[in-house]
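Student: Could we go through this protein together, one question at a time? Here it is.

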Amino acid sequence: MNTPARLGTYVLGLAVVFAGAFGVGGAVGATGPAPAKNSHGDHTTPPPATQTTEHVPGGLQVSQNGYTLTPRTATITPGTQTDFRFTVDGPDGRPVTAYETQHDKKLHLIVVSRDGVVFRHLHPELSGEGIWSVPLTLPDAGAYRVFADFVPQGAEGLTLGADLYAPGDYAPRVLPAPSRTATADGYTVRLDGTLTPGAAGRLTAEISKDGKPMTDLQPYLGAYGHLVALRVGDLAYLHVHPDGAPGDGVTPAGPGITFYAEVPSRGDYRLFLDFQHDGAVHTAAFTVRAEQPSGAAAPTATADHGSEHSHSGH
């Protein structure tokens, strides 16, 4: 695209793509074979139908298990701080007001641009009526995806997603090329390890500044680092946490933070690492490619890790 397109045209294109994806995703698996006949030529009781159920990665659905993410702010003016408000409506149709605390917060809100460049990790405030709110500034016009990562009291954890729009002239940015080195506010982060579809992969982030390894990282939300992985294309969501925990007597405060992450398929992923040092939170971003090992068979099923926090020691 040589000149910026109007956002309205872009959003219309997205609607067409998502409508097609929804039609495919809603298809039911194949039914079983036709009923067999007995020796008298009569049909016997047919065997139960075989239905193929495929796990859906987190964040691709606005509603799951009776819970629905309902934005109350539809658009955000680019460059202007806006009070973004939303609810999580429960199976009874009313906003949920009771949540379990996970990693020091009752809800984690992730906001990312559809091109995978802009990233925000926010922690909204909850009113007594079940309305969440948080100041949000989006730098550019375009389409964004919001993810609510939470555990309703007495229920299982969920990650729900919804679209958000910032109107204006929009020019999609080129996805950064795959790289294992990123800089963030003067820090250098080196990422080692692999992502393999359907298998837990070990990733280690090594953090340094001015050539000096950082060995005094500070806990942030109960961990030395937080990693969010998003599949390029549909932004399927994976939230992982590091091996070990601050104060457990065995986990060092850097320079390395080790994660175990399982991605649902091959392809490119955007990885965003949050870490804290000198009282400030920094975010390093990577593009990493997940590939099937040579000679390995593709996984037949993919576990849904989008609504789980893969970690140990917490």
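Tutor: Sure, and keep in mind that this is a predicted model. One definition up front: Ala, Val, Leu, Ile, Met, Phe, Trp, Tyr, Cys and Pro count as nonpolar, Asp, Glu, Lys and Arg as charged, and the others, Gly among them, as polar.

Student: How many nonpolar, polar and charged residues does the lining of the second largest pocket have?

Tutor: That pocket holds about 210 Å³ of space, and 15 residues line it, with Val 117, Arg 270, Phe 272, Thr 283 and Ala 285 closest to its centre. Sorted by class, the lining has nine nonpolar, four polar and two charged residues.

Student: Which strand gives the largest share of the lining of the second largest pocket?

Tutor: S6, S12, S19 and S20 each supply at least two residues of it. The largest share is four residues, and the strand behind it is S20.

Student: Is Phe 259 buried or exposed?

Tutor: Phe 259 sits in strand S18, residues 256–261. Beyond its sequence neighbours within four places, its contacts include Leu 203, Leu 227, Val 240 and Leu 273. Buried means under 20% relative accessible area. Phe 259 has a relative accessibility of 1%, so it counts as buried.

Student: Which strands stand at the edges of the open sheet with S5 and S9?

Tutor: Four strands form that antiparallel sheet, in the order S6-S5-S9-S10. Each edge strand has a single partner, so one side of it is left without a neighbour in the sheet; the two are S6 and S10.

Terms used. Residues numbered from 1 in each chain as written. Predicted model: local features only at pLDDT ≥ 70, side-chain atom pairs only at ≥ 80, totals over all residues. Heavy atoms only, no water. Buried < 20%, exposed > 50% of the residue type's maximum accessible area, 1.4 Å probe, protein only. Contact = heavy atoms within 4.5 Å. Pairing = 2+ DSSP bridges. 1 Å grid on protein atoms, 1.4 Å probe; cavity = no way out; pocket = protein on both sides within 12 Å on 5 of 7 lines; lining within 4 Å. Points joined across faces, edges and corners; volume = space filled by probe spheres on them.
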